[in-house]
Amino acid sequence: MLPFMRSDLAQLTAYSNHMEDDHQHEIAWVDRLDVNENPYDLPENLKTQLVTTYQTEIANNRYPDGDYHDIKQMIANYVTESANLSNPIYPQQISVGNGSDELIRSILIATCLSGEGSILVAEPTFSMYAILAKTLAVPVRSIERSPTNFAVDVAAAQAAIRSHPDVRVVFMVHPNSPTGNTLTESELDWLRSLPESILVVIDEAYFEFSQSTVVADLAQHPNWMILRTFSKAFRLAAHRVGYAIAHPDLSQALEKVRLPFNLPSFSQAATRIALTDRQHLLQVVPEILHQRQQLAQALARHPALQVWPSQSNFLYLRLKPTVTHDMATDLQTIAIQLKHQGTQIRHTGGGLRITVGTPDENIRTQSRLMALADRWVNVQV
Ligand SMILES: *Cc1c(COP(=O)(O)O)cnc(C)c1O
């Protein structure tokens, strides 16, 4: 079938955020704790503003503003202010994308296509780098993280780069998904030591939760790029808005490969409204962090569960190795049974990743997961 398709496409599957056993009618009542969204929708007054903007300012028959100057200026101001920078970030250093996923793809197109390069990732990590690389037939080199604290083995990373001289891009998440850990000083020293012939992408999708950023380092490193998104803390996942911060030359290179008008007018309006009212919008962040703390403490008390510290709005956990001889199957069982009870989480990277939701959702997560995990309490492997 379809003999005109690229032969390697047969191995790929289309992205879906639903589990295989999903039935449409189930979706409405499930606690959606699998994709790390903010559990709160935009406040009513902002929705009203957005409606008014739609009715009075957006011409549906016109293409969007395609150079995004206002948005870039607002983002640059936010980045500068939130990192307390003494030297401001300029709008020329900002690129915007249809979600940061689009920016990841633009990065791959701009660096590795035509068989010119490969990327390096440290597993477990955000799956989209490898997924998008494969759609473009870009090779993925991967190294493992420490099984205890998920730090990158810097010596192994150096060795991987030596044995794969075609590595053009290193992707790191700060804090990492799904494991929740921020970059350590030794990981950062390694990234700082990489030659300028390698692009270092640091994905700060969870910055508003971790409050940890490497943006101050950009001035010394023209080969670094930071990715951010409005899909998580800023509550705009429906609008698909991400951005990159980098040296102006690097930003301009990304512009060359993006689709025209990649950010719809309505998404631009939502971004403006969210940034203008950011103090109000981000007020729920401390509460989410407090909820994370409570959920982590409760789950960690369960004798069969191992819970890692998280700097983000999700938790990562596994069964203790002493209670399972088939971690992957047992975790998959837990994820599916939780789903049947109405709590959807993500089984990924050899563990379970659970988004911190509303207090009610977290109480349900806690009681359902603790009850399911009881089955492993007296198991000895
Ligand atoms: C959620 C997430 C993104 C992405 O998002 P967009 O919705 O495409 O902006 C990027 N990187 C990481 C690590 C994420 O968790």
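A crossing of two helices is called left-handed if the near helix is turned anticlockwise from the far one by less than a right angle, and right-handed if it is turned clockwise. The exercises below concern a predicted model, in which local features need pLDDT of at least 70 and side-chain atom pairs count only at pLDDT 80 or more, while totals for chains, interfaces and linings use all residues. Residues are numbered from 1 along each chain as its sequence is written, and side-chain values use heavy atoms, with hydrogens and water left out.

**Exercise 1. Describe how helix 11 packs on helix 13.**

Step 1: Helix 11 covers residues 284-300 and helix 13 covers residues 359-373, where helices (H or I, at least four residues) and strands (E, at least two) are DSSP runs numbered from the N terminus. Their axes lie 10 Å apart at an angle of about 15 degrees; axes are lines fitted to C-alpha atoms, for helices over the stretch in contact, and angles run from 0 to 180 degrees between N-to-C directions.

Step 2: The two helices are therefore roughly parallel, given that angles under 35 degrees count as roughly parallel, over 145 as roughly antiparallel, 65 to 115 as roughly perpendicular and the rest as oblique. Helix 11 passes helix 13 in a right-handed crossing.

Step 3: Helix 11 contributes Glu287, Gln291, Leu295, Ala298 and Leu299 to the contact (heavy atoms within 4.5 Å), and helix 13 contributes Pro359, Asn362, Gln366, Leu369 and Met370. By class, this contact of helix 11 with helix 13 has six nonpolar, three polar and one charged residues; Ala, Val, Leu, Ile, Met, Phe, Trp, Tyr, Cys and Pro count as nonpolar, Asp, Glu, Lys and Arg as charged, and the others, Gly among them, as polar.

**Exercise 2. Work out the handedness and the contact residues for helix 2 and helix 9.**

Step 1: The axes of helix 2 and helix 9 (residues 265-276) come within 10 Å and cross at roughly 30 degrees, which means that helix 2 is roughly parallel to helix 9.

Step 2: The crossing of helix 2 with helix 9 is left-handed. On helix 2 the contact involves Asp70, Ile71, Met74, Ile75 and Tyr78, and on helix 9 it involves Gln268, Thr271, Arg272, Leu275 and Thr276. Five nonpolar, three polar and two charged residues make up the contact of helix 2 with helix 9.

**Exercise 3. List the surroundings of the ligand and locate its polar contacts.**

Step 1: Around the ligand stand Gly99, Ser100, Asp101, Phe126, Val173, Asp203, Ala205, Tyr206, Thr229, Ser231, Lys232 and Arg240, a residue being included if one of its heavy atoms lies within 4 Å.

Step 2: A backbone N or O atom of Asp101 lies 3.0 Å from an oxygen atom of the ligand. From the side chain of Thr229, an N or O atom is 2.6 Å from a ligand oxygen atom, and a polar side-chain atom of Ser231 lies 2.6 Å from an oxygen atom of the ligand. A polar contact here is a pair of N or O atoms within 3.5 Å; within protein, one must be able to donate a hydrogen and the other to accept it, and residues adjacent in sequence count only if both atoms are side-chain atoms.

**Exercise 4. Find the cis peptide bonds that precede Pro124 and Pro178.**

Step 1: The bond from Glu123 to Pro124 is cis, with omega near 0 degrees, and Pro124 lies in the loop between strand 3 (118-123) and helix 4 (128-135).

Step 2: Ser177 and Pro178 are joined by a cis peptide bond with omega about 10 degrees, and Pro178 belongs to the loop between strand 5 (167-173) and helix 6.
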